[in-house]
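Please open the structure in your viewer and keep the selection panel at hand. The stops below follow one another, each with a selection to make and a description of what is found there.

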Amino acid sequence: LIFGYNSRLDTVQACVANHLLKKIKFITKKRIENAAYLDKKFKNNINLILKPKEVFSKDVYHLYEVRVKNLNLRDNLIKFLQKNKIDAKIHYPVPMHLQPAAKVYGYKKGDFVNTEIVANSTLSLPVHEFITRRDLDFMVKKINKFFDEN
């Protein structure tokens, strides 16, 4: 196995991308607003670690990621949220150094402890442009309920 990439864009994907590019400012603005709202709601939640904001970059929130402090609770939180119809996911469960293509470099579990902790504690929450404030409040309420019960 080797690291690679896929840069093909078929006609259907190109049509969708062309359509979305016309709305990119709106999409980006809504995602940033939704992420800022969640940041505000979660900033005092002692069970979560929010992603630090970079001064010299602009996050457009393709994903809104939070970390669960207690590594043992992350997967249960995701199941709880999904059971409540909240689209929580793990987008990058395997750190780069543990990918099959990285085997050639000889890295093993424990070589990059912080990377592994981040991979094992991070989950993604929806902040897309179609989500409503009511949906966001429901998500916050459910996350708070989960931690109150655990």
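In this predicted model, the count of cavities of 30 Å³ or more comes to one. The space in this largest cavity is about 30 Å³. To display its lining, select Lys51, Lys53, Asp59, Tyr61, Leu63, Tyr64 and Glu65.

Keep Tyr61 from that selection. Tyrosine 61 lies in the loop between β1 and β2. Is tyrosine 61 buried or exposed? With a relative accessibility of 9%, tyrosine 61 is buried, because the limit for that class is under 20%. Its backbone also deserves inspection: the phi of tyrosine 61 is positive, near 55°, in a residue that is not glycine. Most residues other than glycine have a negative phi.

Next, select aspartate 39, which belongs to helix α2 (residues 24-42). Beyond residues up to four places away in sequence, aspartate 39 touches Leu50, Lys53, Tyr61 and Tyr64. Lys53, Tyr61 and Tyr64 are also among the residues lining the largest cavity. Show the side chains of aspartate 39 and lysine 53: a polar contact of 3.0 Å joins them. The relative accessible area of aspartate 39 is 13%, so this residue counts as buried.

Remain in helix α2 (residues 24-42) and select tyrosine 37 together with arginine 133. The charged end of arginine 133 is placed over the ring of tyrosine 37, at 3.9 Å from the ring centre.

The next stop concerns aromatic rings. How many aromatic pairs does a search of the whole structure find? The search finds five. One of them is formed by phenylalanine 80 and phenylalanine 146, a tilted pair with 5.5 Å centre to centre and 45° between the planes. Phenylalanine 80 is in helix α3 (residues 74-83) and phenylalanine 146 in helix α5 (residues 133-149); the pair thus links distant parts of the chain, 66 residues apart. Both of these residues are buried. Now add phenylalanine 147 to the selection. Phenylalanine 146 and phenylalanine 147 form an edge-to-face pair, 5.3 Å centre to centre with 80° between the planes, and both are buried. Ring pairs thereby connect Phe80, Phe146 and Phe147 into a cluster.

Turn now to the largest pocket, which holds about 360 Å³ of space. Its lining consists of 18 residues; select Glu65, Tyr92, Val118, Ala119 and Thr122, which lie nearest the centre. Which elements should be coloured to follow the lining? Colour β1 (48-50), β2 (64-68) and α4 (113-121), since each supplies at least two residues of it. Glu65 has already appeared on this tour, in the lining of the largest cavity.

From β1, select isoleucine 49. Apart from neighbours within four places in sequence, isoleucine 49 is in contact with Val66, Arg67 and Lys69. The relative accessible area of isoleucine 49 is 28%, so this residue counts as partly exposed. For a distance display, draw a line from the C-alpha of isoleucine 49 to that of asparagine 84: the two are 22 Å apart in space and 35 residues apart in sequence.

Finish at lysine 85, in the loop between α3 and α4. Lysine 85 has a positive phi of about 65° although the residue is not a glycine. Its relative accessible area is 77%, and lysine 85 is therefore classed as exposed, for which the limit is over 50%.

Definitions and conventions
Residues are numbered from 1 along each chain as its sequence is written. This is a predicted model: local features need pLDDT of at least 70, side-chain atom pairs count only at pLDDT 80 or more; totals for chains, interfaces and linings use all residues. Side-chain values use heavy atoms; hydrogens and water are left out. Helices (H or I, at least four residues) and strands (E, at least two) are DSSP runs, numbered from the N terminus. Buried means under 20% relative accessible area, exposed over 50%, partly exposed in between (1.4 Å probe, protein chains only). A polar contact is a pair of N or O atoms within 3.5 Å; within protein, one must be able to donate a hydrogen and the other to accept it, and residues adjacent in sequence count only if both atoms are side-chain atoms. Contact means heavy atoms within 4.5 Å. Rings of Phe, Tyr and Trp (its six-membered ring) pair if their centres lie within 6.5 Å; planes under 30 degrees apart count as stacked, over 60 as edge-to-face and the rest as tilted. A charge sits over a ring if NZ of Lys or CZ of Arg is within 6 Å of the ring centre and within 35 degrees of the ring normal. On a 1 Å grid over the protein atoms alone, a cavity is a set of points where a 1.4 Å probe fits but cannot get out, and a pocket is an open set with protein on both sides within 12 Å along at least five of seven lines; lining residues have an atom within 4 Å of a point. Grid points are joined across faces, edges and corners, and a volume is the space filled by probe spheres set on the points.
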